[in-house]
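User: I have a model open on my screen and would like to talk through how its parts pack together. Could you take me through it step by step?

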Amino acid sequence: MILSIKSVARKLWAFGLYPKSGIASFLSKCGRLPLCHYEEKRLGDAVREKIERREQNLSVGWAKFGKVVRFKFCGVSLIGFSLSEEEINVQQFYFYRSAQLLREYLNELKALNFQVPTKKGFSVFEPGCNCGGLLFNFADHYGAKIHGADIYAPAIKSAKRLDYLKEADFECADVIQSQYLKKFSDRHFDIVFVSSHFTHIMHVVELENYISELKRISSTIICVEIEEFAGRAPMSFYLKAWGFDCSVKDDITYGHFSH
Ligand SMILES: C[S@@+](CC[C@H](N)C(=O)[O-])C[C@H]1O[C@@H](n2cnc3c(N)ncnc32)[C@H](O)[C@@H]1O
């Protein structure tokens, strides 16, 4: 009960800090209703930047550049406003990806014998956590001690702001091409949670070493990724090769690794 109050309080806090992100997320969902139309336009060429970064063996995967959003009803424009880089990350990775989504993920992972630990204060680390949208749910609904890292500074800035009780650890770091993970002892975290992160780093040459490091620092890795993406081999193919149990449902791959 206290745990779910924490999550409602966080939503209100987030809305107070980022009202435009909350409204844009709501309008994007309303855009699926009859006669309604939601559109958005990026203020930079995010696709071209992604391609360039991939070619340079660099990480990708954040919602970069500001954008303008517009909501129309019966073809008449009712509302339009712009969002900063920080605001679009909160829209996409906090308001849009809900606790319900995480619960669905965890239910699917149950079929792979993954149960959320019941011991108080178990630890969860998410590499590529963005603003902590899914990660906060482990603290708010399951009482976990959470730690997140992301390469993208505006995302970590908002994660720290959303951490209204100042009980989480967030760091801005490149978790792959740096010594960042070395500071954690073997099995340091009960869970490493990976969501929509491997998908964006499959091209980096350090990938295999990175996966070994994630295994070293965790008791369990759970992962949720898109099965088919940008012409690469299916994600379940890679996860199986890395020793994960996995299943695919509705184009989403669920994976689980334990020692
Ligand atoms: C698509 S987002 C997913 C965010 C979050 N995991 C979720 O599912 O809501 C991928 C995240 O991975 C981060 N990322 C990509 N490469 C990274 C790296 N080398 N080190 C740390 N974070 C990275 C991006 O900045 C981005 O926030």
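User: How do the axes of helix 4 and helix 7 lie to each other: roughly parallel or roughly perpendicular?
Analyst: Happy to help; please keep in mind that this is a predicted model. The axes of helix 4 and helix 7 come within 9 Å and cross at roughly 65°. Angles of 65 to 115 degrees count as roughly perpendicular, so helix 4 and helix 7 are roughly perpendicular.

User: Which hand does the crossing of helix 4 and helix 7 have?
Analyst: Two packed helices are described by the angle between their axes and the distance between the axes. Handedness adds to that picture, and the crossing of helix 4 and helix 7 is right-handed.

User: Which residues in helix 7 meet helix 4, and how many residues of the contact are charged?
Analyst: From helix 4 come Glu85, Glu86, Asn89, Val90 and Tyr94, and they meet Pro154, Ala155, Lys157, Ser158 and Leu162 in helix 7. Sorted by class, this contact has 5 nonpolar and 2 polar residues, and the charged ones number 3.

User: Where does helix 7 lie on the strands, and at what angle to strand 6?
Analyst: Helix 7 covers residues 153–162 and lies across strand 5 and strand 6. Its angle to strand 6 is about 160°.

User: What is the strand order of the open sheet, and which are its edge strands?
Analyst: The sheet has 7 strands with mixed pairing, in the order 6-5-4-7-8-10-9. An edge strand pairs on one side only, and here the edge strands are strand 6 (169–172) and strand 9 (245–249).

User: How do strand 4 and strand 5 run, parallel or antiparallel, and what is the bridge partner of Val124?
Analyst: Strands of a sheet pair through backbone hydrogen bonds, either parallel or antiparallel. Strand 4 (residues 123–127) and strand 5 (residues 145–150) run parallel, joined by 5 bridges. In strand 5, the partner of Val124 is Ile146.

User: Now the domains: what distance separates their centres?
Analyst: The domain assignment gives domain 1 as 2–91 and domain 2 as 99–258. Taken over C-alpha atoms, their centres are separated by 22 Å.

User: Which helix gives the most to the side of domain 1 that touches domain 2?
Analyst: The contact takes 18 residues from domain 1 and 26 residues from domain 2. On the domain 1 side, helix 1 (2–17) and helix 4 (85–95) each supply at least two residues. With 8 residues, the one that gives the most is helix 1.

Conventions
Residues numbered from 1 in each chain as written. Predicted model: local features only at pLDDT ≥ 70, side-chain atom pairs only at ≥ 80, totals over all residues. Domains from an automatic or database assignment. Contact = placed C-beta atoms within 7 Å. Helix = DSSP H or I, 4+ residues; strand = E, 2+ residues; numbered from the N terminus. Pairing = 2+ DSSP bridges. Axes fitted to C-alpha atoms, helices over the stretch in contact; angles between N-to-C directions. Parallel < 35°, antiparallel > 145°, perpendicular 65-115°, else oblique. Left-handed = near helix turned anticlockwise from the far one by under 90°. Nonpolar A, V, L, I, M, F, W, Y, C, P; charged D, E, K, R; others polar.
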